[in-house]
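Please keep the sequence and the model open while you read this note. Each point can be checked by eye.

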Amino acid sequence: MRPTAKFSISFGLVTIPVAAYNATDTSASVSFVRIHTADGGRVRNQPVCSLEGVEMSPDEIGRGYRPHDADVVVPLSDEDLDALPLPTAKTLTILAFVAGGDIDPLQMGKGYYLATDSPAAAKPYVLLREAMERHERVGLGKIALHGRETLAMIRPMGDALVMQVLLWPHQIRPMDGVLPEREVEVHPNEVAAAETLMDSFGELSEEDLHDHYREALDELVSAKLAHREPEFDTGEEQPSGGQVMDLMAALQDSVRAAKRSRGEDEGDEGRAAAKRPAKKAAAKTSTASGTKTGTKSGTKSGAKTASGAATKSAAKKSTAAQSATKKTAAKTTAKKKTAGRGSRRAG
């Protein structure tokens with residue numbers, strides 16, 4: 001693997017000569033060529049001069065720059081570009097150390113592995129890597145690559161240093177027209193259901209990181225060359241992307257589907273969930289029945305008790321009244337007899 005650029009990392013007064021290697025391989029991605037549909041001939045992009053209308057050779061092609069406020073192209077030679085006062089042309093000067101989470105992922109571009117470019121660079125290379133790793137920081141600086149100055153991030157990755165090219169802040173477009181037009185209210189139970197669905201996804205597998213589209217495309221091309229029907233591994237049927245009408249129901253169905261895809265048995269859980277409401281209902285019925293029975297029984301018993309007490313009280317009062325009447329009558333009779341004896345003695 002050949003380096004794409006060589007420069008030095010400036011870390012205070014420490015200079016680390018490094019060589020940058022491409023960390024990504026775009027050749028492995030799916031790419032198509034343009035053809036003439038009538039005969040299958042390749043359609044190529046030919047460098048043609050817009051003024052003369054003739055094809056140009058590579059040594060006749062140079063570089064030019066068109067200012068934003070003018071409709072003119074200014075030719076620029078290699079000597080003109082080399083004469084620019086650009087300190088970042090050969091040096092990546094670290095300007096600050098920040099937390100990795102402070103970098104907007106939208107700014108991240110192409111990645112490069114950084115290797116030491118001389119034996120003397122080994123110790124400061126390892127020193128910078130371990131210091132950033134222990135401090136949990138990444139370095140931000142500027143570097144000129146391929147004729148353009150760009151922001152760059154240096155970070156530790158295993159035993160190596162990695163450089164990530166960053167877009168300038170003004171290259172990130174605003175979010176105008178992206179957000180929903182009206183305010184949307186999300187209920188806590190819907191958020192909880194979404195979190196449950198997120199947890200049900202499980203860990204990322206190696207199969208998920210496989211380019212199935214490239215395999216299917218290779219099979220399609222092989223089948224066409226062999227004049228046969230392609231054989232595709234369709235796998236599981238993907239859910240349709242229809243409009244969601246009941247969000248909670250969709251979340252709950254998604255959780256169940258995720259569990260089924262992992263082979264988890266929901267039968268026991270479902271039966272347990274079904275038994276729990278039944279037991280609760282039975283308990284409620286029993287409690288309600290006992291309450292009603294107790295209320296009726298208590299009412300009847302109370303009524304009987306009160307009635308008996310009232311009867312006894314009335315009987316006692318009647319007996320007392322009869323006793324008082326008898327005593328009064330006896331006293332009256334005794335007085336009459338005494339009065340009759342006195343009358344006889346006087347005569």
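The points below run from the whole chain to single helices, salt bridges and loops.

1. Overall make-up. This is a predicted model. The protein chain has six helices and nine strands. Of its 347 residues, 15% are buried. The accessible surface comes to about 27800 Å². Carbon and sulfur atoms account for 55% of that surface.

2. Contacts across the sequence. Take the contacts between residues at least 6 apart in sequence. Of these, 58% join residues at least 24 apart.

3. Helix α3, length. Helix α3 covers residues 188-200, which is 13 residues. At 1.5 Å a residue, the expected span is 18 Å. The end C-alpha atoms are 18 Å apart, so the model agrees with that figure.

4. Helix α3, faces. Which residues of α3 are buried? They are E190, A193, L197 and S200. Looking down the axis of α3, these buried residues fall within an arc of 75°, so they line one face of the helix. An α-helix has 3.6 residues a turn, so residues three or four places apart point the same way. The buried residues of α3 pack against α5, residues 247-261. On the other side of α3, P188, M198 and D199 are exposed. After α3 comes G202, with a positive phi near 75°.

5. Helix α4. The 14 residues of α4 (212-225) should span 20 Å at 1.5 Å a residue, and the end C-alpha atoms are indeed 20 Å apart. Its buried residues are L217, E219 and A223. They cover an arc of only 160° around the axis, which puts them on the same side of α4.

6. H227, after α4. Helix α4 is followed by H227. This residue sits in the loop between α4 and α5. Phi of H227 is positive, near 55°, and the residue is not glycine. Is H227 buried or exposed? H227 counts as exposed, because its relative accessibility is 76% and the cut-off for exposed is over 50%.

7. E136, another positive phi. E136 also has a phi near 55°, a positive value in a residue other than glycine. E136 lies in the loop between α2 and β7 (138-145). With a relative accessible area of 61%, E136 is exposed. Both E136 and H227 deserve a look when you check the backbone.

8. Salt bridge D117 to K6. The count of salt bridges comes to five. One of them joins the side chains of D117 and K6, at 3.7 Å from N to O. D117 is in the loop between β6 and α2 (122-135), while K6 is in strand β1 (residues 5-11), so the pair ties together parts that are 111 residues apart in sequence. D117 is partly exposed, at 35% relative accessible area. K6 is partly exposed too, at 49%.

9. Salt bridge R228 to E219. The side chains of R228 and E219 meet at 2.8 Å, N to O. E219 is among the buried residues of α4. Its relative accessible area is 18%, and the cut-off for buried is under 20%. R228 is partly exposed, at 36%.

10. Salt bridge R129 to E130. Here the side chains of R129 and E130 meet at 3.5 Å, N to O. Is R129 buried or exposed? R129 is buried, with a relative accessible area of 10%. E130 counts as partly exposed, at 40%.

11. Q107, a buried loop residue. Q107 lies in the loop between β5 (91-98) and β6 (108-116). At 16% relative accessibility, Q107 counts as buried. What does Q107 contact, leaving aside neighbours within four places in sequence? The list is L151, V165, L166, L167, W168, P169 and I172.

12. A nonpolar surface patch. Y65, V72, V74 and L76 make a nonpolar patch of about 330 Å² on the surface. V74 belongs to strand β4, residues 74-76. V74 is partly exposed, with a relative accessible area of 39%.

Notes:
Residues numbered from 1 in each chain as written. Predicted model: local features only at pLDDT ≥ 70, side-chain atom pairs only at ≥ 80, totals over all residues. Heavy atoms only, no water. Helix = DSSP H or I, 4+ residues; strand = E, 2+ residues; numbered from the N terminus. Expected span 1.5 Å × (residues − 1). Buried < 20%, exposed > 50% of the residue type's maximum accessible area, 1.4 Å probe, protein only. Arc of directions from axis to C-beta. Contact = heavy atoms within 4.5 Å. Patch = residues over 30% accessible without salt bridge, like charges linked within 9 Å, V, L, I, M, F, W, Y side chains within 5 Å. Areas by Shrake-Rupley, 256 points an atom, 1.4 Å probe, with all protein chains shown as cover. Salt bridge = Lys/Arg side-chain N within 4 Å of Asp/Glu carboxyl O.
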